[in-house]
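Student: I have a structure open on my screen and would like to learn how to read its pockets. Could we go through them together?

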Amino acid sequence: MAKLKLTYFDFHGGRGEPARLALSIGGIAFEDDRVQPSDWERRKADTPFGALPVLEVDGQTVAQSNAINRYVGKLADLYPSDPWQAALCDEAMEAVEDITTKIGATFFLPEEQKKAQRKALVEGPIPFYLTRLQQRLEAHGGRYFAADRLSVADLKVFVWIRHLKSGALDHVPTDLPDRVAPKLLEHYERIKSDPRVKAYYAKHGIAS
Ligand SMILES: N[C@@H](CCC(=O)N[C@@H](CS)C(=O)NCC(=O)O)C(=O)O
């Protein structure tokens with residue numbers, strides 16, 4: 001078995017969390033390398049695109065969260081083998097990537113600009129992606145984003161919704177997903193209560 005090291009920031013969430021979850025669910029041993037903010041400046045230059053997550057496989061490196069998600073999804077049997085279902089899985093992951101990039105652009109703004117831009121996101125792009133993801137979920141059976149079973153797409157959407165609901169994003173109401181996308185909320189609860197997901201968070205000492 002290849003030796004894996006997944007490098008990401010030291011918090012429960014973000015672009016690295018779906019791969020951590022997938023590897024753990026698949027029972028695949030990996031080094032969980034968690035970067036502290038004080039170390040990032042030093043380590044950034046060693047990453048392929050100056051960003052995390054990065055996955056090392058037997059000393060070789062791959063970056064870009066969704067490339068990593070697909071790879072670990074295949075190892076963990078959490079990525080569809082059917083090409084069409086795989087495309088649906090990718091679609092949901094890329095949609096989350098689109099909105100994550102928009103939200104990420106507000107992180108280090110001065111407070112007044114951040115407030116204005118987050119307000120604009122709450123009035124447009126965030127509900128847009130929530131409702132469109134909900135539509136896509138419902139179009140494909142309503143339970144999972146692809147192949148009617150758990151995949152890395154479900155994990156990525158779950159991690160995003162949890163972030164929205166966490167209160168960590170100032171100026172984003174925590175009940176926004178509940179209000180605009182109730183079926184997506186059911187999906188969130190389904191993934192949260194999946195015994196494999198629950199086991200991961202129980203092991204890491206936090207409520208999912
Ligand atoms: N498209 C990249 C985006 C990676 C990215 O922006 N990662 C953020 C954390 S979620 C990061 O490394 N930020 C620190 C920095 O850019 O210096 C991916 O999907 O992995």
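Tutor: Happily! Keep in mind that this is a predicted model. Let's start with the second largest pocket, whose lining includes Lys5, Thr7, Asp33, Val35, Trp40 and Arg43. Asp46, Thr47, Leu52, Val54, Glu56 and Thr61 line this pocket too.

Student: Which elements give two or more residues to that lining?

Tutor: They are β1, β2 (31-35), α2 and β3 (54-57). By class, the lining has five charged, four nonpolar and three polar residues.

Student: How is empty space found in a model?

Tutor: A probe the size of a water molecule is rolled over the atoms, and this shows where space is left empty. Here, the second largest pocket holds about 180 Å³ of space, while the largest pocket has a volume of about 1200 Å³.

Student: What lines the largest pocket?

Tutor: Its lining has 43 residues, and Tyr8, Phe11, Gly14, Arg15 and Phe107 lie nearest the centre. Helix α4 gives the most, with seven residues. Sorted by class, the lining has 21 nonpolar, twelve polar and ten charged residues.

Student: Where is the ligand?

Tutor: The space it takes is the largest pocket. Among the residues around the ligand are Tyr8, Phe9, Arg15, Trp40, Gln64 and Glu97.

Student: Which side chains have an N or O atom listed with a distance to a ligand atom?

Tutor: For Gln64, the distance to a ligand nitrogen is 2.7 Å. For a ligand oxygen, it is 2.9 Å with Trp40 and 3.3 Å with Glu97. Taken alone, the ligand exposes 510 Å², and the protein buries 69% of that.

Key: Residues numbered from 1 in each chain as written. Predicted model: local features only at pLDDT ≥ 70, side-chain atom pairs only at ≥ 80, totals over all residues. Heavy atoms only, no water. Near = heavy atom within 4 Å. Polar contact = N/O pair within 3.5 Å; in protein donor to acceptor, adjacent residues only side chain to side chain. Areas by Shrake-Rupley, 256 points an atom, 1.4 Å probe, with all protein chains shown as cover. 1 Å grid on protein atoms, 1.4 Å probe; cavity = no way out; pocket = protein on both sides within 12 Å on 5 of 7 lines; lining within 4 Å. Sits in = over half its atoms within 2 Å of the grid points. Points joined across faces, edges and corners; volume = space filled by probe spheres on them. Helix = DSSP H or I, 4+ residues; strand = E, 2+ residues; numbered from the N terminus. Nonpolar A, V, L, I, M, F, W, Y, C, P; charged D, E, K, R; others polar.
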